[in-house]
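Open the structure in your viewer and keep the sequence beside it, so that each stop of this tour can be selected in turn. The stops follow below, each with a selection to make and a short account of what is there.

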Amino acid sequence: LFSEGTRFVGNYDAAVQYTLGDIVRVGGQTYTARATSLGINPDEDPVKWNLLADGLTLAGRYNPATTYVPGEIVHFGANAYIALVRTTGAFPTNAAKFELMLAGSGVPAVWSKTKTDYAINEQATVGALTYAFKGTGYATVGASPEVNADWVLVHAGTEHKGTYVAGTTYLKGAIVLFGP
């Protein structure tokens, strides 16, 4: 060996053969090859790869089908989490696989019985009441916050609905005029 150098190759690709000194990025972390390798994830083999720099990168909204690697930040519900290990399918609320980076409070929206991805700290209103989801995965589709234990009441307000109309369904917190 006459001289040893390094070269930045870009994002890691399992189909590429790397040699001594190659530098790759995996999520928010940067690794340098210690030996020739093909198909060996840098975050899983400290013999063939050396962690050069620890960092973070945004990975977007959580998707259970996506593989997350250390240093990737995912949004789940109103919170942001950092992946600690390579993982697929584990909810970000799993403390062995993700670390809470930022706990949000969510912006209240009218609750929908067909929404499939209510997640931690997201808020929904039912009439004049506002609830926050506190479960570890996704809320049960169609289960109203009023009767589901994974939802917590965060604000009880009132809503003026005008003059009472027989046969109309009024939700908790509704104020109606009846008679003089």
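Begin by selecting arginine 61, which is partly exposed, with a relative accessible area of 46%. Please bear in mind from here on that this is a predicted model. Now add aspartate 117 to the selection: arginine 61 forms a salt bridge with aspartate 117, and the closest N and O atoms of the two are 2.9 Å apart. Because arginine 61 belongs to strand β7 (residues 57-61) while aspartate 117 sits in the loop between β13 (109-110) and β14 (123-126), the pair ties together parts that are 56 residues apart in sequence. Aspartate 117 is itself partly exposed, at a relative accessible area of 22%.

Next, select arginine 86 together with aspartate 43. These two form a salt bridge whose closest N and O atoms are 2.6 Å apart. Here, too, distant parts of the chain are linked, since arginine 86 is in the loop between β10 (79-83) and β11 (87-88) and aspartate 43 is in the loop between β5 (37-38) and β6 (49-53), 43 residues apart. Arginine 86 is partly exposed, its relative accessible area being 26%.

A further pair to display is glutamate 159 with lysine 161, a salt bridge in which the closest N and O atoms are 3.9 Å apart. Glutamate 159 counts as partly exposed at 30% relative accessibility, and lysine 161 is partly exposed as well, with a relative accessible area of 43%. Salt bridges that share partners also join Asp43, Glu44 and Arg86 into one network, which you can bring up by adding Glu44 to the earlier selection. In total, the count comes to 6 salt bridges.

Now move to glutamate 72, in strand β9 (residues 72-76). Which side chain of opposite charge is nearest to glutamate 72, and how far away is that side chain? The nearest is arginine 86, 7.8 Å away, and glutamate 72, although buried, has no salt bridge. A salt bridge would need the side-chain nitrogen and the carboxyl oxygen to be within 4 Å. What the side chain of glutamate 72 does reach is the backbone nitrogen of valine 69, at 3.0 Å. Apart from neighbours within four places in sequence, glutamate 72 is in contact with Gly27, Thr57, Ala59, Thr67, Tyr81, Ile82 and Ala83.

For another buried residue, select threonine 130, which lies in strand β15 (residues 129-133) and counts as buried at 10% relative accessibility. If neighbours within four places in sequence are left aside, the contacts of threonine 130 include Pro108, Gln123, Ala124 and Thr125, and among them are also Val152, Leu153, Val154 and His155.

Turn then to the surface and select Leu56, Met101 and Leu102, which form a nonpolar patch with about 310 Å² of accessible area together. Leucine 102 is in strand β12 (residues 98-102) and is exposed, with a relative accessible area of 54%.

The last stop is alanine 53, in strand β6, which is partly exposed with a relative accessible area of 34%. Beyond its neighbours within four places in sequence, alanine 53 is in contact with Gly28, Gln29 and Thr30. To finish, draw a distance from alanine 53 to tryptophan 151: their C-alpha atoms are separated by 40 Å, and the two residues are 98 residues apart along the chain.

Technical notes: Residues are numbered from 1 along each chain as its sequence is written. This is a predicted model: local features need pLDDT of at least 70, side-chain atom pairs count only at pLDDT 80 or more; totals for chains, interfaces and linings use all residues. Side-chain values use heavy atoms; hydrogens and water are left out. Helices (H or I, at least four residues) and strands (E, at least two) are DSSP runs, numbered from the N terminus. Buried means under 20% relative accessible area, exposed over 50%, partly exposed in between (1.4 Å probe, protein chains only). Lys and Arg count as positive and Asp and Glu as negative; His and the chain ends are not counted. A polar contact is a pair of N or O atoms within 3.5 Å; within protein, one must be able to donate a hydrogen and the other to accept it, and residues adjacent in sequence count only if both atoms are side-chain atoms. Contact means heavy atoms within 4.5 Å. Patches are made of residues with over 30% relative accessible area and no salt bridge: like charges are joined within 9 Å, nonpolar side chains (Val, Leu, Ile, Met, Phe, Trp, Tyr) within 5 Å. Accessible areas come from the Shrake-Rupley method with a 1.4 Å probe; for residues, only the protein chains shown count as cover.
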